[in-house]
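Please walk through this structure one region at a time. Keep the sequence at hand as you read.

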Amino acid sequence: MMLREEERRHTETVTLSGRMSDRLVRPDIRDEFGLETMDMNMGPQHPSMHGLLRLILELDGETIVRCDPVMGYLHRCQEKIAENRLYPAVIPLTDRLDYLANIHNEHGYCMAVEDLMDVEVPPRAEAIRVLMSELMRLASHIPSIGFLLLELGAFTPILYGFRERERIQDIFEAITGARMMFHYIRIGGVKADLPEGMEERIWNYIESLEASFKRDFIDLIEGNEIFVARTRGVGKITPQKALEIGLTGPPLRCTGVDFDVRRDYPYSWYPNVEFDVVTDEAGDVEASYRVRVRECYQSMRIIKQVLEKMPEGEVMADLGRRLRPPEGEGFGRVESPRGEFAVHVVSDGTDVPYRVHYRDPSFVNMQMLQEIVPGHYLPDIMPIMGLIDPVSGGWDK
């Protein structure tokens, strides 16, 4: 009876992914030939790993029986440190969370404090926040497409990806003075208005990106025989399981679940622009690639609308130099490139937060590894990481 129960649990685990090996689902074959499973460490430092991550793998030949992710190698006590800093001084720390979505981190935290203080942000500042957020989404999605292909052995797409990211970082540098840790969004608005001529410069860049995007990131990749063989049916997850785990962002939308914080919980300047929430039905690595590609087009569409409708006026509310929010709680949520980034801030009436909590999408989305990796071959792990597209600064926070 014990053996049958073990076989049943074994079979349930591997069938979650939809890919099974005969040796895996029939342990008696292993026993007949005296074969054993083998434990293997992948990481925490690995050439193709997304940051410091250790995966403890149990292998049956090349087939993965069990996958236990071990996180925490980049833990920096971000939430505890925030309890000892003035409210505005927490913003630079949020840049160090998901370092491919810095603007979204700043935006989520500032929204939580503004909710706590009931602040009205000037319309022009809100429009600039959305403009910067969508540029940030492009600067994250485009390299992630390149990284996925790099992990499959194709080198050219990552070069195109970093070419576009560099161009966007040049725009960020001209606006914020920094190329990565921006500290641009402030409680009550943004640090400074757009420099003269910047709107035209961004418009010209988006026009050039639209002209080259299909050639560099779709024609080069879609339908490629190797790309299809390595991604179709790999990392497949059902919408029900995705919702149970709490996935958000492209890993959720590629299963067909139509959820996007920008539309379902409208914030900032998003109610003033039109865009589509992109979904796919396949729920595998190939589907996640298609979702990110189409979301890039939606970001370009949003950026153009913001530039066309950009309001005039101030970019910062008058809040005084020392912030002392009343006792209470504030909450902010944004749609980052990796999913829902949410911040919960509690105030005890002093000038430092009593409690700050981050809900980072990388941390939540990583929970799917234990569910979908078993049953796949060892080389499938990297494409699956490309589906999740996690950032270690986010999951370790």
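The paragraphs below cover a sheet, a pair of helices and two single residues. The model is a predicted one.

Start with the sheet. Three strands build it, and the sheet is open. Their order is β1-β2-β3, with antiparallel pairing. The edge positions belong to β1, residues 38-42, and β3, residues 63-70. Each of these two has a single partner strand, so one side of each is left without a neighbour in the sheet. From one strand to the next, the twist averages 20 degrees.

Now look at how β1 is held to β2. Strand β2 covers residues 54-60. Five bridges join β1 to β2, and the two run antiparallel. At the level of residues, D39 stands opposite E58 in β2.

Next come two helices. Two packed helices are described by the angle between their axes and the distance between the axes. Helix α14 spans residues 285-309, and helix α17 spans residues 381-388. Their axes come within 9 Å and cross at roughly 35 degrees. The crossing of α14 and α17 is left-handed. Which residues make the contact? From α14 they are V285, S288 and R292. From α17 they are P383, I384, G386, L387 and I388. By type, the contact residues of α14 with α17 divide into five nonpolar, two polar and one charged.

I388 of α17 also leads to the next stop, as N365 touches I388. N365 lies in helix α15, residues 361-365. Is N365 buried or exposed? Its relative accessibility is 1%, and the cut-off for buried is under 20%. N365 therefore counts as buried. Leaving out residues up to four places away in sequence, N365 touches G246, L247, T248, P251, R338 and I388. With T248 there is a polar contact: the side chain of N365 reaches the backbone oxygen of T248 at 3.3 Å.

Finish with S208. Helix α9, residues 198-217, holds S208. Here the relative accessibility is 34%. Buried means under 20% and exposed means over 50%. S208 falls in between, so S208 counts as partly exposed. For a sense of distance, take I103. S208 and I103 are 105 residues apart along the chain. The C-alpha atoms of S208 and I103 are separated by 23 Å.

Terms used: Residues numbered from 1 in each chain as written. Predicted model: local features only at pLDDT ≥ 70, side-chain atom pairs only at ≥ 80, totals over all residues. Heavy atoms only, no water. Axes fitted to C-alpha atoms, helices over the stretch in contact; angles between N-to-C directions. Helix = DSSP H or I, 4+ residues; strand = E, 2+ residues; numbered from the N terminus. Left-handed = near helix turned anticlockwise from the far one by under 90°. Contact = heavy atoms within 4.5 Å. Nonpolar A, V, L, I, M, F, W, Y, C, P; charged D, E, K, R; others polar. Buried < 20%, exposed > 50% of the residue type's maximum accessible area, 1.4 Å probe, protein only. Polar contact = N/O pair within 3.5 Å; in protein donor to acceptor, adjacent residues only side chain to side chain. Pairing = 2+ DSSP bridges.
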